[in-house]
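Please open the structure in your viewer and keep the selection tool at hand. We will go from stop to stop, choosing something to select each time and then saying what is there.

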Amino acid sequence: METFVCGKCGYLAFGKAPDRCPVCGAPKQAFELDPTAIKKPADPKNLNDLEKKHIPVIEIKRQCGLVGPGCIDANIKIGQILHVMEEKHYIMYIDLYLDYNFIARYHMTPELNPVLGIHLKTSSGKLVALENCNIHGRWVAETEI
C-alpha cells in the first residue's frame, strides 16, 4: 500500500493523500509519496534489539473495564523491550488507524512511558498503531479487533 507523508506534521496517509491533513490541516499539496516512510524489520521472525524496541505491541481486551458493553480496550506498548523515553531519544507520537483510516494522534514527551490505553467503540476491524521515534523513525504494528 502506498504511503504519503505530510511535510508539515509527519502524519502518514495510507493509499492516497487526503485533501487536508487530519492532524495539522495542511493541503493535499503538502503530501509526498514515500515508500520508505515506515521502517520494516529485516527478518520479521527474528527481530534484533532495535526492532524489538520500536515495533508497537498491541493487546486487545474485549471486556472494557471502564465503559462496559460496547467498548473494547486496546493497549499499545512501544516495543517488546520497552523503548527508552529520554530527552535525546524518545517516542514523539503514536498515531492510530482503524482499517487504515486515521482516528487519533497521541503526542508524547520524555516524561511519559511509551504506552497508551484506548477505548474503541467498534467490535471489528484492523487496528494499526504507528509510532514515530525522534531518532529511528516510524514503525508500525497492526492487529484484528
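The tour below visits two sheets, one loop residue and a pocket.

Before selecting anything, note that this is a predicted model, in which local features need pLDDT of at least 70 and side-chain atom pairs count only at pLDDT 80 or more, while totals for chains, interfaces and linings use all residues. Residues are numbered from 1 along each chain as its sequence is written, and side-chain values use heavy atoms, with hydrogens and water left out.

**First stop: a sheet**

Select β1, which covers residues 3-6, together with β2 (12-14) and β3 (31-33); strands here are DSSP runs of E with at least two residues, numbered from the N terminus. These three strands make an open, antiparallel sheet in the order β2-β1-β3, where two strands count as paired if DSSP finds at least two bridges between them. At its edges lie β2 and β3, each of which pairs on one side only. Three bridges link β1 and β2, and Thr3 has Phe14 of β2 as its bridge partner.

**Second stop: a loop residue**

Now select Ala17, which sits in the loop between β2 and β3. Is Ala17 buried or exposed? Ala17 counts as buried because its relative accessibility is 9%, and buried means under 20% relative accessible area with a 1.4 Å probe and protein chains only. Leaving aside residues up to four places away in sequence, Ala17 touches Phe4, Lys28 and Phe31, contact meaning heavy atoms within 4.5 Å. If you add Pro27, which is 10 residues from Ala17 along the chain, you will find their C-alpha atoms separated by 9.4 Å.

**Third stop: another sheet**

Next select β4 (56-61) and β8 (115-120), and add β5, residues 72-78. They form an open antiparallel sheet in the order β4-β5-β8, with β4 and β8 as the edge strands. Six bridges join β5 to β8, and Lys77 stands opposite Val115 in β8.

**Last stop: the largest pocket**

Finally, select Thr3, Phe14, Ile38, Lys40 and Val140, which of the 15 lining residues lie nearest the centre of the largest pocket. A pocket is an open set of points on a 1 Å grid over the protein atoms alone, where a 1.4 Å probe fits, with protein on both sides within 12 Å along at least five of seven lines, and lining residues have an atom within 4 Å of a point. Which strand gives the most to this lining? Strand β10 (residues 137-144) does, with three residues.

Note on methods: Helices (H or I, at least four residues) and strands (E, at least two) are DSSP runs, numbered from the N terminus. Buried means under 20% relative accessible area, exposed over 50%, partly exposed in between (1.4 Å probe, protein chains only).
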